[in-house]
Amino acid sequence: MEAPSTGKPMRADARRNYERIVTTAQQAFTELGPEAPLEEIARRAGVGIGTLYRHFPNREVLIEAVYRSSIEHLSQRAHDLLETHTAGTAFEYWLREQVEWVMANRVLATTLKAGMDHNTPTFTLCRVAITEAASLLVQAARDAGTIRTDIEPRDLIRLGHGLGVACETTPDAAERLISVTLDGLRATPADAQRS
């Protein structure tokens with residue numbers, strides 16, 4: 001997790017505090033929603049409220065940092081999964097993780113998007129990171145012959161988002177819908193003939 005650059009390096013203790021606040025805020029926002037009291041977040045993180053405000057002058061800046069951190073983590077998972085699994089398995093696992101991410105973070109993401117211009121550096125960074133992760137997984141799975149050749153990275157992103165939204169209030173349906181979706185994405189005999 002990278003703190004936004006201010007032009008000067010952050011001291012080690014300040015970086016630890018920053019990271020602890022972001023991690024704690026992610027948990028608090030998941031439990032209590034985006035209006036979770038900042039005092040409670042500071043208490044859980046083991047820092048004073050002044051320390052929280054030094055890093056995050058208002059709630060919106062903290063929400064932005066949590067969102068950026070969670071997107072960076074989800075994007076990094078594409079690389080991690082491809083290092084430890086076959087391309088097809090990595091593709092499937094990441095789709096599942098993306099659906100879980102949407103179900104856990106949609107309210108936070110909606111709150112952030114409602115108050116920010118979609119062309120800000122944070123949204124641009126997040127859009128690029130997720131698109132690169134999806135591109136990596138789709139290309140690897142297509143090359144391995146495990147998914148249809150007409151699948152595009154945006155398909156993976158949209159499907160994960162759509163499934164997450166659809167299952168937000170019915171999480172028990174997620175695995176079934178993911179399985180049906182994956183069946184539709186798998187390579188067909190026609191794909192094998194084209195390659």
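1. Helices in this note are DSSP runs of H or I with at least four residues, numbered from the N terminus. The model under review is predicted. With helices so defined, Gly33 follows just after α1 and takes a positive phi of about 90°. Gly33 belongs to the loop between α1 and α2. Its relative accessibility is 16%, and Gly33 therefore counts as buried, the limit being under 20%. From Gly33 to Ala45 the sequence separation is twelve residues, and the C-alpha atoms of Gly33 and Ala45 lie 17 Å apart.

2. On confidence, the chain has an average pLDDT of 90, and 91% of its residues score at least 70. Among the elements, the highest mean pLDDT, 97, belongs to α2, and the lowest, 66, to α9. Where pLDDT is low, the predicted coordinates should not be read in detail.

3. The overall architecture is helical: nine helices and zero strands make up the secondary structure of the chain. The C-alpha trace spans about 65 × 40 × 30 Å along its principal axes. Of the 195 residues in the chain, 41% are buried. If one takes contacts between residues at least 6 apart in sequence, 65% of these join residues at least 24 apart.

4. Helix α1 covers residues 12-32, 21 residues in number. Its first and last C-alpha atoms are 30 Å apart, close to the 30 Å expected at 1.5 Å a residue. The buried residues of α1 include Ala14, Tyr18, Ile21, Val22, Ala25, Ala28 and Phe29. Asn17, Thr24 and Gln26 are also among the buried residues of this helix. As general background, an α-helix has 3.6 residues a turn, so residues three or four places apart point the same way.

5. Helix α1 also holds a salt bridge between Glu19 and Arg15, with the closest N and O atoms 3.9 Å apart. Glu19 and Arg15 are separated by about one helical turn, because they stand four residues apart in α1. Glu19 is partly exposed at 27% relative accessibility, and Arg15 is partly exposed at 27%.

6. The structure holds 14 salt bridges. One of them joins the side chains of Arg186 and Glu92, with 3.0 Å from N to O. This pair links distant parts of the chain, 94 residues apart: Arg186 is in the loop between α8 (174-185) and α9 (189-194), while Glu92 is in helix α5 (residues 87-115). Arg186 counts as partly exposed at 33% relative accessibility, and Glu92 is partly exposed at 23%.

7. A further salt bridge brings together the side chains of Arg148 and Asp150, at 2.8 Å from N to O. Arg148 is partly exposed, with a relative accessible area of 28%; Asp150 is partly exposed at 42%. Elsewhere, salt bridges link Glu31, Glu40, Arg43 and Arg44 in a network.

8. Which residues have the most contacts inside the largest nonpolar core? They are Phe29, Ile41, Leu62, Phe91 and Trp94, in a core of 50 residues. Two or more residues of this core come from each of α1, α2 (38-45), α4 (59-84), α5, α6 (121-143), α7 (153-167) and α8. The largest share, ten residues, is that of α5.

9. The surroundings of Ile41 give a local view of the core. Neighbours within four places in sequence aside, Ile41 is in contact with Ile21, Thr24, Ala25, Ala28, Phe29, Ala36, Leu52 and Leu62. Of these partners, Ile21, Thr24, Ala25, Ala28 and Phe29 are among the buried residues of α1. Phe29 and Leu62 are, like Ile41, among the residues with the most contacts inside the core.

10. A polar residue in helix α4 also deserves comment: Ser75 is found there. Is Ser75 buried or exposed? Ser75 has a relative accessible area of 7%, which means that it is buried. A polar atom of the Ser75 side chain lies 3.4 Å from the backbone oxygen of Ala129. Residues up to four places away in sequence aside, Ser75 touches Ala129, Ile130 and Ala133.

Note on methods:
Residues numbered from 1 in each chain as written. Predicted model: local features only at pLDDT ≥ 70, side-chain atom pairs only at ≥ 80, totals over all residues. Heavy atoms only, no water. Expected span 1.5 Å × (residues − 1). Buried < 20%, exposed > 50% of the residue type's maximum accessible area, 1.4 Å probe, protein only. Salt bridge = Lys/Arg side-chain N within 4 Å of Asp/Glu carboxyl O. Core = buried A, V, L, I, M, F, W, Y, C linked by side-chain atoms within 4.5 Å. Contact = heavy atoms within 4.5 Å. Polar contact = N/O pair within 3.5 Å; in protein donor to acceptor, adjacent residues only side chain to side chain. pLDDT = per-residue confidence, 0-100.
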